[in-house]
Amino acid sequence: MVKIGIIGCGKIAQIRHIPEYIQNPDAKIIGFYDLNRERAGKLAARYGAAAYDSVEELLADPGIDAVSVCTANHAHGPITIAALRAGKHVLCEKPMAVTEEECEQMVEEARKAGKFLMIGQNQRLARVHVKARELIRQGEIGKILTARTSFGHGGPESWSVDSGKGTWFFDKDKAVMGAMADLGIHKTDLLQYLCGGTIRRVTARTATLDKRYEDGTPISVEDNGFCIYEMDNHVFAYMNASWTCYGKEENSTVLYGTEGTLRICDDPAHSIVLIKKNGERYLYDVEPIQTNHSQSRSGVIDLWIDSLVRRKKPEISGESVLPAMRAVFGAMVSAREGRTVEVNQQEVRE
């Protein structure tokens with residue numbers, strides 16, 4: 001039985017981590033910590049666990065084997081590093097951290113501590129993406145030449161546990177990045193997962209097009225990000241992350257290869273459409289991707305607990321997510337400085 005501590009009791013903890021831990025027979029939630037002590041206390045009472053007064057108190061509990069870090073972005077790195085040093089395995093929500101240096105230190109601390117570090121990049125586990133990757137590896141569309149992917153919804157202000165225009169997602173001190181950290185990292189990581197390459201060069205623009213605080217001033221982070229990625233296997237890909245998609249949530253990817261095209265969640269009737277070079281069409285109806293308003297079991301917690309029980313490095317390790325994080329940081333530099341950025345994808349031990 002893996003004994004779990006939850007750090008940060010907001011929406012992602014409440015609709016993903018906690019329910020999935022409860023459903024896993026090999027996991028037991030021991031305690032909760034949140035800046036809102038009342039929130040942590042209510043969850044502790046509901047699930048028969050403890051509520052801690054500080055992160056340090058939770059990490060000092062020898063009865064906790066592993067933690068889920070579900071805090072605001074700026075706290076991911078410091079809390080993960082502290083947890084690893086305290087001898088806990090760590091599942092950290094995305095984005096991994098808010099600087100490249102923090103990300104690299106997280107991986108190094110996990111290595112030194114002999115503990116596992118996993119990042120919640122759940123799009124790799126979506127059945128539709130697993131099936132798409134299988135088709136790609138079978139050579140169904142030949143060599144991938146270009147790709148485009150987008151992830152957009154109406155913004156986190158209607159989803160965050162503290163909803164409204166005062167959400168921490170709009171606070172640059174806490175979020176550091178906006179749509180790129182919330183949505184862009186998912187699709188950046190997914191592109192590498194599907195295309196089999198590593199992003200080496202990025203040209204990007206970011207903008208705050210519509211989101212406003214209560215006083216009408218623009219929020220301090222981007223509500224849209226637009227990236228052109230160049231991979232080391234010569235795939236060119238376009239990625240858009242948006243908080244201004246005011247209709248049905250957009251979460252699609254299209255891959256163009258030498259032998260055909262693969263459309264993933266791009267057709268309203270079928271989750272995957274394979275169109276061969278000769279015009280033949282093959283339809284695959286796989287479980288659709290989750291949306292903010294239609295949640296199902298993500299697979300993240302099951303993978304995490306299985307890794308801990310089997311003492312096997314998780315598939316979505318901190319090391320494996322570093323290339324996508326470096327690409328996102330490169331995109332932010334590109335957008336800020338108005339130039340194409342070479343992404344330094346050095347190797348990191350784990």
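**Exercise 1. The loop between β5 and α5**

Task: State where Pro 95 lies and which residue it shares a cis peptide bond with.

Solution. In this predicted model, Pro 95 is part of the loop that runs between β5 and α5. The peptide bond in question joins Lys 94 to Pro 95. Its omega is about -10 degrees, and the bond is cis.

**Exercise 2. The pair α4 and α5**

Task: Describe how helix α4 packs on helix α5, giving the angle, the distance and the residues in contact.

Solution. Two packed helices are described by the angle between their axes and the distance between the axes.

Step 1. Helix α4 covers residues 73-85 and helix α5 covers residues 100-113. Their axes lie 9 Å apart, at an angle of about 10 degrees.

Step 2. Angles under 35 degrees count as roughly parallel, and α4 is therefore roughly parallel to α5.

Step 3. On the α4 side, the contact is formed by His 76, Gly 77, Pro 78, Thr 80, Ile 81, Leu 84 and Arg 85. On the α5 side, the residues are Glu 102, Gln 105, Met 106, Glu 109, Ala 110 and Ala 113.

Step 4. Sorted by class, this contact of α4 with α5 comprises six nonpolar, four polar and three charged residues.

Step 5. The buried residues of α4 are Asn 73, Ala 75, His 76, Gly 77, Ile 79, Thr 80, Ile 81, Ala 83 and Leu 84. Just after this helix, Gly 87 has a positive phi of about 85 degrees.

**Exercise 3. The pair α5 and α10**

Task: Work out whether α5 and α10 run roughly parallel or antiparallel, and list the residues that meet.

Solution.

Step 1. Helix α10 spans residues 318-337. The axes of α5 and α10 cross at roughly 175 degrees and come within 10 Å.

Step 2. Angles over 145 degrees count as roughly antiparallel, so α5 and α10 are roughly antiparallel to each other.

Step 3. From α5, Glu 100, Cys 103, Glu 104 and Val 107 take part. They meet Gly 318, Glu 319, Leu 322, Met 325, Arg 326 and Phe 329 of α10.

Step 4. The class count for α5 with α10 is five nonpolar, one polar and four charged residues.

**Exercise 4. Helix α9 and the residue after it**

Task: Identify the buried residues of α9, the elements they pack against, and the backbone and exposure of Arg 311.

Solution.

Step 1. Within α9, residues 300-310, the buried positions are Val 300, Ile 301, Leu 303, Trp 304, Ile 305, Ser 307 and Leu 308.

Step 2. These buried residues pack against the strands β1 (2-7), β2 (27-33), β4 (66-69), β5 (89-92) and β6 (117-119), and against the helix α1 (11-23).

Step 3. Arg 311 follows α9 and belongs to the loop between α9 and α10. Its phi is near 55 degrees, a positive value in a residue other than glycine.

Step 4. With a relative accessibility of 75%, Arg 311 counts as exposed.

**Exercise 5. A second positive phi**

Task: Place Val 176 in the chain and classify its exposure.

Solution. Val 176 sits in the loop between α7 (172-175) and α8 (179-195). The phi of Val 176 is positive, near 65 degrees, and the residue is not glycine. Its relative accessibility is 26%, so Val 176 counts as partly exposed.

**Exercise 6. Two strand residues**

Task: For Ala 51 and Thr 261, give the exposure class and the contacts beyond four places in sequence.

Solution.

Step 1. Ala 51 is in strand β3, residues 50-51. Its relative accessible area of 23% makes it partly exposed. Beyond four places in sequence, Ala 51 touches Phe 32, Arg 37, Ala 40, Gly 41 and Ala 44.

Step 2. Thr 261 is in strand β12, residues 260-264. Its relative accessible area is 16%, so Thr 261 is buried. Leaving out neighbours within four places, its contacts are Ile 141, Val 254, Leu 255, Tyr 256, Val 273, Leu 274 and Ile 275.

**Exercise 7. The chain as a whole**

Task: Judge how compact the chain is from its radius of gyration, and add its overall figures.

Solution.

Step 1. The chain contains ten helices and 15 strands. Its radius of gyration is 20 Å, close to the 20 Å given by the globule rule for 350 residues, so the chain is as compact as a globular protein of that length.

Step 2. The C-alpha trace spans about 60 × 50 × 40 Å along its principal axes.

Step 3. Of the 350 residues, 54% count as buried. The accessible surface is about 14900 Å², and 49% of it belongs to carbon and sulfur atoms.

Conventions:
Residues numbered from 1 in each chain as written. Predicted model: local features only at pLDDT ≥ 70, side-chain atom pairs only at ≥ 80, totals over all residues. Heavy atoms only, no water. Axes fitted to C-alpha atoms, helices over the stretch in contact; angles between N-to-C directions. Helix = DSSP H or I, 4+ residues; strand = E, 2+ residues; numbered from the N terminus. Parallel < 35°, antiparallel > 145°, perpendicular 65-115°, else oblique. Contact = heavy atoms within 4.5 Å. Nonpolar A, V, L, I, M, F, W, Y, C, P; charged D, E, K, R; others polar. Rg over C-alpha atoms; globule rule 2.2 N^0.38 Å. Buried < 20%, exposed > 50% of the residue type's maximum accessible area, 1.4 Å probe, protein only. Areas by Shrake-Rupley, 256 points an atom, 1.4 Å probe, with all protein chains shown as cover.
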